[in-house]
Amino acid sequence: VLSTSFTKLTGCRVPIQLAPMPIVTLELATAVADAGGLAMVSALRAPTPYLVDTLEKAASRTGGPIGVNFVIPFLNRETLKAVASRAKVVELFFGDPDPAIIEEVHAAGALACWHIGSVDEAIAAERAGCDLIAAQGTEAGGHVRGRLGLFPLLGQVLEVVQVPVIASGGIGTAHSMAAALAAGAAAVRVGTRFVAAQESDAHPAYVDALIRARAEDTVLTETFSVGWPDAPHRVLRSCVEAADSFTGDMVGQGARGGATYPVPRFAPPSPNRATVGDIAAMALYAGESVDAVRRIQPAAEIVRELSEGAERLLRTWSST
Amino acid sequence: MKGGCVSISTSITKLLGISHPILLAPMDLVADARLTVAVTAAEGFGILGGGYGDEQWLVRELDLLDQSHTRFGVGFITWSMAKQPKLLDLALERKPTAVVLSFGNPLPFVDRIKRSGAILICQIQSLALAKEAAAAGADVLIAQGTEAGGHGISRGLVSLVPEVVDAIGTSIPVLAAGGIADGRGLAAALMLGASGVVMGTRFYATHEAAGAQEAKERIRAVTGDDTLRSIVFDISRRNVWPEPFTGRCLRNVHLDRWFGRELELLRHQEEESARYAAARRDNDFDIAAVIAGESSGLIRDIISAREVIERVVAEASAILAHWSPQTVSK
């Protein structure tokens with residue numbers, strides 16, 4: 001077992017955090033938690049009753065911890081109040097670390113995590129009271145706060161904070177997980193691999209595109225910025241091209257937790273199983289780890305592949 | 001940890017006959033004979049920065065390497081050296097242990113390098129380039145991530161190294177370059193499947209490096225957030241690179257002024273390049289670029305090349321020992 005300050009703090013058995021993506025279903029969260037990782041759900045576009053229900057069910061089905069992520073520009077304080085007491089970890093992203101929010105998280109009995117993109121933001125997060133930090137490199141899929149490659153960022157963050165640091169961005173293999181732990185991370189955050197998990201809610205065409213793609217097929221862009229401006233994100237290049245050549249204002253409609261929403265051209269929602277419309281022209285988020293997405297797998301198998309492989313690498317090297 | 005006593009043995013240390021899997025990046029003008037000799041003397045592998053190919057400079061530095069009787073490599077910017085291929089012959093006459101080719105098709109030079117007995121090391125930035133170099137006959141690959149200082153492309157190291165290792169197999173050692181300046185970086189690179197690391201910026205900030213003291217001080221002072229990948233400095237010094245290469249430098253007044261306005265800079269190239277040339281001459285690094293990578297944020301001191309190598313190896317060894325089964329079972 002890979003025991004780290006992260007596993008001790010969160011009560012996980014495995015130092016892997018599921019990236020909180022809107023395509024995380026109750027089944028995916030449960031599978032990751034059961035496999036020993038920290039499962040995370042996203043509050044983006046999720047009705048509050050749905051979030052509460054998901055967290056409660058996940059908690060009752062698994063002994064493992066569940067977290068929830070809020071994106072600061074879309075943070076609903078009422079929702080935060082309603083769900084914080086039901087989560088082991090509440091994570092915040094894409095906004096300056098805010099002591100008032102962290103106080104609220106702590107009052108509800110949860111651990112506070114901030115997903116940061118710079119050394120200054122890491123210092124601010126710890127100062128604001130965070131219990132742990134996720135440090136994001138530019139390799140990451142989805143919205144990218146980071147401006148540095150993962151390792152240079154991680155190295156600098158570790159020199160200035162005391163709390164456990166989760167490495168985020170480009171990690172999708174046992175090799176990269178072992179590397180992040182060797183570089184001093186207490187855990188790794190994995191997103192793109194889990195989009196292609198059996199339990200994922202991602203649209204099958206999105207998953208197919210990930211399986212076909214190599215890292216060079218991803219691009220850091222601001223294409224899908226309608227309703228969320230000034231927020232660079234890494235997606236498959238193909239969807240930028242498809243969105244550029246799409247004619248019309250609406251590419252389709254999505255739904256999450258029973259609520260439907262329109263998907264205008266250049267809008268951020270990625271397609272899930274309930275999404276209809278021109279899937280190829282929607283935001284198909286992918287990190288540089290996309291090369292490691294080779295097939296649809298049960299989430300537990302992905303957790304095992306990474307954690308057992310990383311442990312083997314770390315132990316083997318040390319004994320030579 | 002006793003510095004200098006530990007060593008990390010990999011396929012690259014065996015191939016090059018060195019003790020530590022640490023190579024000097026052949027930085028143009030910075031990696032001169034003095035720094036090359038210092039890195040090899042500390043049991044890493046020094047590589048002279050042949051750069052764009054200034055014959056006079058190259059001959060002088062090769063003479064110095066000759067006199068030192070140490071093992072060394074020579075690195076070239078391939079597309080630039082291709083314009084005056086006799087520089088490669090000049091280098092090969094001095095029997096370097098290895099030749100590093102970066103940025104451009106290595107194929108036209110493979111036979112001459114191999115016939116001389118030198119090991120061919122090719123630096124690549126993508127899977128496609130890795131396959132091209134391996135097919136051309138490279139003995140070693142350097143996978144360079146976007147974190148690196150100087151010229152490069154856009155992919156991060158964390159996924160590039162394992163992808164290249166998986167695709168190329170274990171017969172060709174793969175080295176990691178970009179953003180590495182300490183033992184954490186070396187340990188991480190080994191975990192990614194690399195056989196060693198190539199460090200540039202860390203060696204720039206050493207006593208032996210040929211750069212200006214003011215430039216070294218800037219590397220020491222900044223954080224990793226203070227670098228940008230751009231073509232501003234290339235436009236400013238009238239040094240046009242083929243696509244898709246851009247160069248990472250420390251941010252300064254000049255870069256902040258022109259970043260994102262490259263077309264406008266091109267229109268002002270006449271007066272701006274004159275200003276830039278004067279700034280380079282005068283070591284005015286508010287205008288002239290300090291070519292350095294994201295690892296700048298990890299560099300806090302200007303030390304000797306030997307101290308760099310001993311420190312990196314000691315740190316990496318301690319990390320790897322931390323994960324050893326014996327340590328964990330305690």
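In helix H7(A), a run of residues is buried: Leu150(A), Phe151(A), Pro152(A), Leu153(A), Leu154(A), Gly155(A), Gln156(A) and Val157(A). Helix H7 of chain A covers residues 150-160, and eight of its eleven residues are buried, so this helix is largely enclosed by the rest of the structure. Do keep in mind as you look around that this is a predicted model.

From that helix, let us turn to the nonpolar interior. The largest nonpolar core has 211 residues. Those with the most contacts inside this core come from both chains: Val68(A), Val90(A) and Phe194(A), together with Phe76(B), Leu141(B) and Phe203(B). A second core, separate from the largest one, has twelve residues, including Val89(A), Leu111(A), Leu132(A) and Ala134(A).

Val90(A) is a good place to pause. You will find Val90(A) in strand S4 of chain A, which spans residues 89-93. With a relative accessible area of 0%, Val90(A) is buried. Which residues does Val90(A) touch, once neighbours within four places in sequence are set aside? They are Val68(A), Phe70(A), Leu80(A), Ala84(A), Val105(A), Ala110(A), Leu111(A), Ala112(A) and Cys113(A). For a sense of distance along chain A, Val90(A) and Gly309(A) are 219 residues apart in sequence, and their C-alpha atoms are 29 Å apart in space.

One of those contacts, Cys113(A), brings us to the cysteines. How many disulfides does a search of the whole structure find? The search finds zero over all chains. A disulfide is a covalent bond between the sulfur atoms of two cysteines. For Cys130(A), the closest cysteine sulfur is that of Cys113(A), and at 6.7 Å it is too far for a bond. Cys130(A) itself counts as buried, at 5% relative accessibility. In the other chain, Cys249(B) is buried as well, with a relative accessible area of 2%.

Now for chain B, starting with Phe76(B), one of the residues with the most contacts inside the largest core. Leaving aside neighbours within four places in sequence, Phe76(B) is in contact with Gly50(B), Gly51(B), Leu58(B), Met81(B), Leu87(B), Leu88(B), Ala91(B), Val99(B), Val100(B), Leu101(B) and Ser102(B). Follow the last of these, Ser102(B), into strand S4 of chain B. Ser102(B) counts as buried, at 6% relative accessibility. Not counting residues up to four places away in sequence, Ser102(B) touches Ile77(B), Thr78(B) and Gln123(B) as well as Phe76(B).

A short hop takes you to Ile121(B), in strand S5 of chain B (residues 119-124). Is Ile121(B) buried or exposed? At 0% relative accessibility, Ile121(B) counts as buried. Its contacts, leaving aside neighbours within four places in sequence, are Leu23(B), Ala98(B), Val99(B), Val100(B), Leu101(B), Val140(B) and Ile142(B). Ile121(B) and Val174(B) are 53 residues apart along the chain, with 9.5 Å between their C-alpha atoms.

The backbone of chain B also has some details to look at. Phe103(B) has a positive phi of about 65° although it is not a glycine. This residue lies in the loop between strand S4 (98-102) and helix H6 (107-115) of chain B, and Phe103(B) is buried, with a relative accessible area of 9%. His69(B) also has a positive phi, near 55°. Its place is in the loop between helix H3 (55-68) and strand S3 (73-77) of chain B, but His69(B) counts as exposed, at 73% relative accessibility. Where does a cis peptide bond occur? One joins Glu243(B) and Pro244(B), with omega at about 0°. Pro244(B) is in the loop between helix H12 (232-236) and strand S11 (246-250) of chain B.

Finally, consider the empty space. Rolling a probe the size of a water molecule over the atoms shows where such space is left. A search of the whole structure finds three cavities of 30 Å³ or more, and the largest has a volume of about 560 Å³. Of the 34 residues lining the largest cavity, those closest to its centre are Pro20(A), Met21(A), Gly141(A), Gly142(A) and His143(A). Strand S3 (66-71), strand S7 (142-143), strand S9 (187-190) and helix H9 (192-195) of chain A each give two or more residues to this lining. By class, the lining has 17 nonpolar, 15 polar and two charged residues.

Notes
Residues are numbered from 1 along each chain as its sequence is written. Chains are lettered from A and ligands numbered from 1 in the order in which they are written. This is a predicted model: local features need pLDDT of at least 70, side-chain atom pairs count only at pLDDT 80 or more; totals for chains, interfaces and linings use all residues. Side-chain values use heavy atoms; hydrogens and water are left out. On a 1 Å grid over the protein atoms alone, a cavity is a set of points where a 1.4 Å probe fits but cannot get out, and a pocket is an open set with protein on both sides within 12 Å along at least five of seven lines; lining residues have an atom within 4 Å of a point. Grid points are joined across faces, edges and corners, and a volume is the space filled by probe spheres set on the points. Helices (H or I, at least four residues) and strands (E, at least two) are DSSP runs, numbered from the N terminus. Ala, Val, Leu, Ile, Met, Phe, Trp, Tyr, Cys and Pro count as nonpolar, Asp, Glu, Lys and Arg as charged, and the others, Gly among them, as polar. Buried means under 20% relative accessible area, exposed over 50%, partly exposed in between (1.4 Å probe, protein chains only). A disulfide is a pair of cysteine sulfur atoms within 2.5 Å. A nonpolar core is a set of buried Ala, Val, Leu, Ile, Met, Phe, Trp, Tyr and Cys residues joined through side-chain atoms within 4.5 Å. Contact means heavy atoms within 4.5 Å.
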